[in-house]
Amino acid sequence: MTQLQTNTASATAGSTATAAFLEVRGLTVKFPTDDGVVSAVNGMDFALDRGQTLGIVGESGSGKSVTSQALMGLLKGTSAQVTGQAVFQGKDLVTLPESAMRQLRGRNIGMIFQDPLSALHPFYTVGHQIAEAYLVHNKASKKQARAAAVDMLGRVGIPSPEQRYDEYPHHFSGGMRQRAMIAMALICEPELLIADEPTTALDVTVQAQILDLMSELQEETNSALILITHDLGVVAEVCDDVLVMYGGQCVESGPVDNIFYDTQHPYTLGLLNSMPTLNSAAGQLNPIPGQPPSLLDLPRGCIFSARCQYAELVGDGVCASQRPEPRVDDGHGKRCHLSGPQIVTIRNSR
Amino acid sequence: MMTFILRRTGSLVLLLAAVSFITFTLFQLGPSDPAAAACGQECTPERVAEARVALGMDQPFLVQYIDYIRGFFSSRMIGAPGAQTLCEWPCLGKSFQTNENVADIIGRSLPYTFSMAIGALVLWTITGVGLGLLAALRKGTPVDKFIVGAASVGVSLPIPVTGLFLLLLFVNQLHLLPFTTNEINSPFGPQGPGAWVANYLLPWIALAVLFSASYIRVTRTNMIETFGEDFIRTARAKGLAPRTVTFKHGVRAGITPVVTMLGMDIGLLLGGAVLTEQIFSVPGLGFTAVHAAISGDLPVTMAITMLAAFFVIVANVAVDLAYAAIDPRVRLQ
């Protein structure tokens with residue numbers, strides 16, 4: 001379902017006739033600063049259905065978290081300039097006023113953050129914070145909210161939830177805290193869950209448990225999940241579709257198997273190659289040379305061209321001077337000047 | 001909890017002992033001669049010597065000190081042999097100047113100091129925290145800049161300047177407020193709370209201008225930092241109303257440094273706001289202490305110094321308890 005498409009093309013082609021559950025088109029986020037305008041997200045397009053999991057991958061500063069915050073409306077009231085469209089259940093999250101957005105937050109869209117210790121309020125009990133999320137959106141007594149929170153704590157696998165309810169975040173272990181965060185995000189059973197690097201701050205052993213838990217609960221509630229991560233292993237494990245971000249742009253997107261086994265973009269190839277494997281030669285890592293472009297001053301051509309080893313294959317300096325248009329082939333999209341056969345040659349040569 | 005209170009009480013006693021000993025020693029080393037002062041002008045050396053005996057200052061230093069401390073635990077006799085009078089428990093000695101029981105002098109001065117402290121405290125806490133919070137919420141806007149600018153001006157205005165200016169303007173020129181009188185020292189007195197407020201309003205404002213400036217800056221800085229915390233983002237992501245996010249989640253977390261400041265300032269202020277009491281002629285502890293120190297009245301100076309130390313220490317304990325109430329992470333096991 002994830003598609004890379006220009007907003008003009010899709011709008012005129014009327015491909016939105018079958019309205020998706022969440023459809024993002026041309027989402028752009030700019031932050032004016034003293035040094036100039038930071039273009040954090042530059043025209044994101046994707047769609048998502050209920051029950052599906054979309055992985056958004058990319059390195060730090062590629063615009064993953066800003067994308068999620070724009071969807072949550074958390075950038076409203078800041079200096080950020082958000083444009084484009086993000087239609088969720090018929091409502092455009094970009095233009096929706098803050099008061100209406102607040103009704104959606106927590107009830108229809110839940111969010112899990114990276115570091116559960118700093119994301120939980122240190123002065124309130126874990127249970128209170130979960131019950132609070134329930135009380136905002138439900139007409140319920142404090143007693144009912146408590147019961148709902150205790151039940152939710154149990155569902156996310158926290159032992160003796162009745163006692164744990166009255167404990168503070170600092171009494172919890174890292175994994176338990178993230179479970180509590182999940183309980184908080186899911187207590188109103190939102191149809192869309194955005195998880196921003198939910199396992200990054202956790203031990204490897206706990207990571208798998210948290211991912212399993214999220215998948216389980218997602219299946220129970222048939223919700224859609226956007227999983228933001230820089231961990232390709234996590235993506236392979238839980239995602240249906242993947243969107244690879246670089247410099248605030250989606251450079252490749254498609255079903256997870258296509259991304260891993262039919263990689264179309266040199267950046268994605270670089271990411272996959274930089275993952276350490278058990279049989280990689282002599283313990284050497286394979287980083288992508290160079291640095292991501294400055295978001296203050298994006299290159300005129302392909303955003304990745306400065307680091308791309310295959311730019312000469314295209315020739316004539318096309319990569320450095322022309323921004324590649326998105327090309328979609330059977331649900332698998334990419335922004336690259338290289339032709340299909342060229343990419344296959346590159347893949348096979350590695 | 002019990003061990004906490006016991007430990008703090010123990011350190012309180014030790015600190016008071018140290019403060020009293022140091023004050024006592026400083027007084028002995030000082031240039032003033034209380035006996036000569038008590039004896040009055042045109043005093044013969046013989047009369048000065050008599051006065052010295054009457055004040056007990058002929059005794060060795062340590063004997064004097066121990067005698068003084070004894071008064072904390074029981075009544076004792078004071079004066080020259082043959083002319084002794086009873087100083088009832090709690091005996092803080094008798095004024096070298098008026099021979100009045102020091103405990104009575106303190107008892108008389110305290111209501112003035114309390115009256116001045118409590119109003120000023122309420123006023124500067126509300127304006128300081130309120131404006132600081134407003135500046136934080138409107139960060140970078142003209143409102144913020146104006147508040148920060150006003151705070152910089154306020155903090156650099158000394159009490160003699162603001163105090164005299166307020167007196168000149170409201171009492172002398174506009175005749176809006178009466179000049180402070182020492183007949184009013186409680187809102188429950190015969191003149192009623194209105195007269196009490198009118199009497200102390202100017203000293204409150206003078207103190208509030210000075211103190212709220214630093215409260216504005218501390219509140220603003222801490223609130224801006226707190227509003228950037230992840231848990232504030234979480235609170236918004238839950239769909240909470242902005243008011244709930246600001247106050248329940250933001251202010252409670254960002255206010256702790258202000259509580260510390262408040263505790264320290266309460267302690268300091270109860271020890272007597274010397275300058276303010278002087279300017280507004282409020283006969284509180286600070287006013288009394290200055291006059292006692294100038295005239296070499298050791299027992300009064302001692303008592304007020306120790307009382308001030310006591311207030312500061314008690315305020316510190318109160319801050320610790322308040323911290324535990326606000327932040328569960330420092331809660332005692």
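**Exercise 1. How far apart do the end C-alpha atoms of residues 146–171 of chain B lie, and how much of the span is helix?**

Solution. This is a predicted model, so every value below is computed from predicted coordinates. Begin with the record: UniProt, in an unreviewed entry, gives the feature "transmembrane region" to residues 112–134, 146–171, 197–216, 258–280 and 300–326 of chain B. For residues 146–171 of chain B, the end C-alpha atoms are 28 Å apart, and the span is 88% helix and 0% strand. Turn next to another of the listed stretches, residues 300–326 of chain B, where the end C-alpha atoms lie 38 Å apart and the span is 100% helix with 0% strand. Finally, the same kind of entry, unreviewed in UniProt, places "domain: ABC transmembrane type-1" at residues 110–323 of chain B, a span that is 80% helix and 0% strand, with its end C-alpha atoms 28 Å apart.

**Exercise 2. Work out what length helix α5 of chain B should span, and locate its bend.**

Solution. Helix α5 of chain B covers residues 102–137, which is 36 residues. The expected span is 1.5 Å times one less than the number of residues. At 1.5 Å a residue the helix should therefore span 52 Å, and because its end C-alpha atoms are 50 Å apart, the two values agree. As a last step, look along α5(B) for a change of direction: the helix bends by about 30° at Ser109(B), and a proline, Pro111(B), follows within four residues.

**Exercise 3. Describe the side of chain A that touches chain B.**

Solution. First count the residues: 22 residues of chain A are in contact with 17 residues of chain B. Then ask which elements of chain A give two or more residues to this side; they are α3 (98–104), α4 (116–119) and α5 (126–137) of chain A. The most comes from α5(A), with four residues. Sorted by class, this side of chain A holds eleven nonpolar, six polar and five charged residues.

**Exercise 4. Trace the four-stranded sheet of chain A and the helix that lies across three of its strands.**

Solution. The sheet is open, its strands follow the order β2-β1-β4-β5 (chain A), and the pairing is antiparallel. At its edges are β2 (36–48) and β5 (91–92) of chain A, each of which pairs on one side only. Strand β4 of chain A, residues 81–88, is joined to β5(A) by two bridges in the antiparallel sense, and Phe88(A) stands opposite Lys91(A), which belongs to β5(A). Now place the helix: α2 of chain A, residues 64–72, lies across β1 (22–33), β2 and β4 of chain A, and runs at about 70° to β2(A).

**Exercise 5. Trace the eight-stranded sheet of chain A from edge to edge.**

Solution. Begin with the order, which is β6-β7-β8-β3-β9-β10-β12-β11 (chain A) in an open sheet with mixed pairing. The edge strands, each pairing on one side only, are β6 (109–112) and β11 (327–329) of chain A. On average, neighbouring strands of this sheet are turned by 15° against each other, direction ignored. At the β11(A) edge, three bridges join this strand to β12 (residues 332–334) of chain A, and the two run antiparallel; here Asp329(A) stands opposite His332(A) of β12(A).

How values were computed
Residues are numbered from 1 along each chain as its sequence is written. Chains are lettered from A and ligands numbered from 1 in the order in which they are written. This is a predicted model: local features need pLDDT of at least 70, side-chain atom pairs count only at pLDDT 80 or more; totals for chains, interfaces and linings use all residues. UniProt positions are given in the numbering used here, feature names are shortened, and annotations may be inferred rather than shown by experiment. Two residues are in contact if their C-beta atoms, placed from the backbone, lie within 7 Å. Ala, Val, Leu, Ile, Met, Phe, Trp, Tyr, Cys and Pro count as nonpolar, Asp, Glu, Lys and Arg as charged, and the others, Gly among them, as polar. Two strands pair if DSSP finds at least two bridges between them. Axes are lines fitted to C-alpha atoms, for helices over the stretch in contact, and angles run from 0 to 180 degrees between N-to-C directions. The bend at a residue is the angle between axes fitted to the seven residues ending there and the seven starting there.
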